[in-house]
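Biologist: Could you take me through one part of this model in some detail? I would like to see how a single helix sits against its surroundings.

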Amino acid sequence: MARLPCIIFAAVILSYAAPAFAQVEAVGSRPGYIYDDAGVISDEYHEIIDTYLRGLDDATTNEVVIYTIPSFEGHGITKDGTEIQDRDMLANYIYNEVELNGVKGIGKEGKDNGVLVLMSLERDAGGGSLRIEVGRGLEGDITDGTAGQILDRYLVSARTEYEETGGIEQFDKAFLNTAVALGTQTGYIVDENNVPIPADDYVPEEDYSWIIPVVFIIAVVGLGIAFGGKGRRGAETRRLVLWRECRRLRRRLGWRRWRFWRRWRRRRGRWRLRRRGRGALKVISGCL
């Protein structure tokens, strides 16, 4: 009985301390997750998004990095002494080769589980300004179709508004929603601890892009089965049938009438050859 007050006191202390232990500070494995050279993300949202991405890394080991530039000209990232001014090439080079705060590449070694969100305020020569580069380890979770849906839903509309009005305030929520959507795709759950500002409830649409190649393969196989008789074996079958018909006709006509009929068919075949082309003689005179 003497220990009962001590147990009650310890339980009260732990009940007050539990929330503090529950809210573990996100650490992450990289020095930084946001490289906003274009200056489109406010300090408030920079901290929120960075905290979310660190928590995503801690929980799943997946690394999502945001990289913005003002233009594809003058950003200073070069390969073999030449600045990369193509959107896709730049995204791939940043993902694999560029050192960001001393860390080369995005994603864990051996897992290739990184994601790069690249945005330029100005478009490249091909008209592109947005790109989500996904490592092979996450291609099953974030397909090309899913990445396109996320861009279309958030950053494309934000970029369009910027091109129309020149404002950049919309990029705060757009990048937050993009980060949350990518984390959701990899199984990371959003709550008020890692995203204090409510984010959009992203529910990706079903990706049916895989159906097209499957239907194409089925169609090719079906056509091959249906028209396979027109190949070499089909030609041999047609020749055999033609030979049998010729023998049957020769028996019915007799030798003399057969020779007369054959000469007549040859003359008729030459006449049709002049009218229809060389292929007609082969068809008409096939049993001569």
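Modeller: Happy to! The cover over the buried residues of helix 4 includes strand 7 (114–120), strand 8 (130–134) and helix 5 (170–185). Here helices (H or I, at least four residues) and strands (E, at least two) are DSSP runs, numbered from the N terminus, and contact means heavy atoms within 4.5 Å. This is a predicted model, where local features need pLDDT of at least 70, side-chain atom pairs count only at pLDDT 80 or more, and totals for chains, interfaces and linings use all residues. Residues are numbered from 1 along each chain as its sequence is written, and side-chain values use heavy atoms, leaving out hydrogens and water.

Among the buried residues of helix 4 (under 20% relative accessible area, 1.4 Å probe, protein chains only) are Ile150, Leu151, Tyr154 and Leu155. Helix 4 bends by about 45 degrees at Asp152, taken as the angle between axes fitted to the seven residues ending there and the seven starting there. Just after helix 4, Gly166 has a positive phi of about 85 degrees.

Helix 4 lies across strand 7 and strand 8, at about 150 degrees to strand 8; axes are lines fitted to C-alpha atoms, for helices over the stretch in contact, and angles run from 0 to 180 degrees between N-to-C directions. These strands belong to an open sheet of four strands, ordered 1-2-7-8 with mixed pairing, where two strands pair if DSSP finds at least two bridges between them. Strand 8 is one of the edge strands, pairing on one side only.

Technical notes: Buried < 20%, exposed > 50% of the residue type's maximum accessible area, 1.4 Å probe, protein only.
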